[in-house]
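Hi everyone, thanks for making time. Let me put the structure up on the screen, and then we'll walk through a few parts of it together.

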Amino acid sequence: MQNNPSIVVFLGKSGSGKGTQVELLRQKTGLDYLGSGELLRERKKINDFTGNKISQTIDDGGIVATPVIFHLWMKNFEEFKQKPDFKGVILDGSPRKIKEAYLLEEALKWYEWDKNVKVLLVDISDEEVIIRINKRRICSQCKEILIFEEGMEKCPKCGGELLKRPDDEIDGVKKRLAWFQEEVVPVIDHYKEKEELIVINGEQKIEKVFEDILKALNINDSN
Ligand SMILES: [Zn+2]
């Protein structure tokens, strides 16, 4: 019997540091993880219409249709439901649109997981996103993504050349910020109205952001 598993929904702009915080929380809590990005990367390996179209859509910087993502989510929810020791799950990458927020709510209700839902927004300004992404580099060899610092010429891990990702050029960044404003802000407002939104100041040191997240989730940080 599953005892009110903890459902933690993460929202945040690209560049907010959300991914880092999700990773820290996974390690700390041992909660399961469900990320749209990861699900789609797996799904696109299947060589069928949807697999190929996901590849193409991601390459074009587009958005994969909601029913495709939700199909994958529901499949995973069903598997979690079978786990007797399921403690809960971190949801990352969706809802990215208001209709996905509604679908997620219905899905959580269906699985009887709607009693312990927390929605965290890792909040940073557009200006801060632009500053951070300007410093973001990818290693041409090991593909590690790092933050450029003064004097850094090669990848500290493998010595590879550091490049700016095409996606991180200013036009791409502005496009993603505009998309966030148009699609994700209504999701944020929706959770705010339901009084389920917890805003975390993402413009702090990684450790401090994580501390605030643990506090918001009532997780003891003593160990
Ligand atoms: Zn490298």
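So, what covers the buried residues of α2? Before I answer, keep in mind that this is a predicted model. Okay: the cover includes β2 (32–35), α3 (49–59) and α4 (66–82). The helix itself, α2, spans residues 36–43, and its buried residues are Ser-36, Leu-39 and Leu-40. Those three sit on the same side of α2, because they span an arc of only 95° around the axis. As background, an α-helix has 3.6 residues a turn, so residues three or four places apart point the same way.

Now over to the largest nonpolar core, which has 26 residues. The ones touching the most other members are Val-8, Val-9, Phe-10, Leu-11, Ile-90 and Leu-120. Several elements chip in at least two residues each, including β1 (6–12), β3 (88–92), β4 (117–123) and α7 (170–193). Take Leu-11: leaving out residues up to four places away in sequence, its contacts are Val-119, Leu-120, Leu-121, Val-184, Val-187 and Ile-188. There's another core apart from that one, made of six residues, and Leu-39 from before is among them, along with Ile-54, Val-64 and Trp-73.

Last stop, the hairpin. Here β5 (residues 136–139) pairs with β6 (residues 145–147), antiparallel, over three bridges. Arg-137 is opposite Leu-146 there. Five residues lie between the two strands, and in that turn Lys-143 has a positive phi of about 70°. On top of that, β5 is joined by two bridges to β7 (residues 162–163), again antiparallel, with Cys-139 partnering Leu-162.

Definitions and conventions:
Residues are numbered from 1 along each chain as its sequence is written. This is a predicted model: local features need pLDDT of at least 70, side-chain atom pairs count only at pLDDT 80 or more; totals for chains, interfaces and linings use all residues. Two strands pair if DSSP finds at least two bridges between them. Helices (H or I, at least four residues) and strands (E, at least two) are DSSP runs, numbered from the N terminus. A nonpolar core is a set of buried Ala, Val, Leu, Ile, Met, Phe, Trp, Tyr and Cys residues joined through C-beta atoms within 7 Å. A residue is buried if 20 or more other C-beta atoms lie within 10 Å of its own, exposed if 12 or fewer, and partly exposed in between; C-beta atoms are placed from the backbone. Two residues are in contact if their C-beta atoms, placed from the backbone, lie within 7 Å. The arc is that of the directions from the helix axis to the C-beta atoms.
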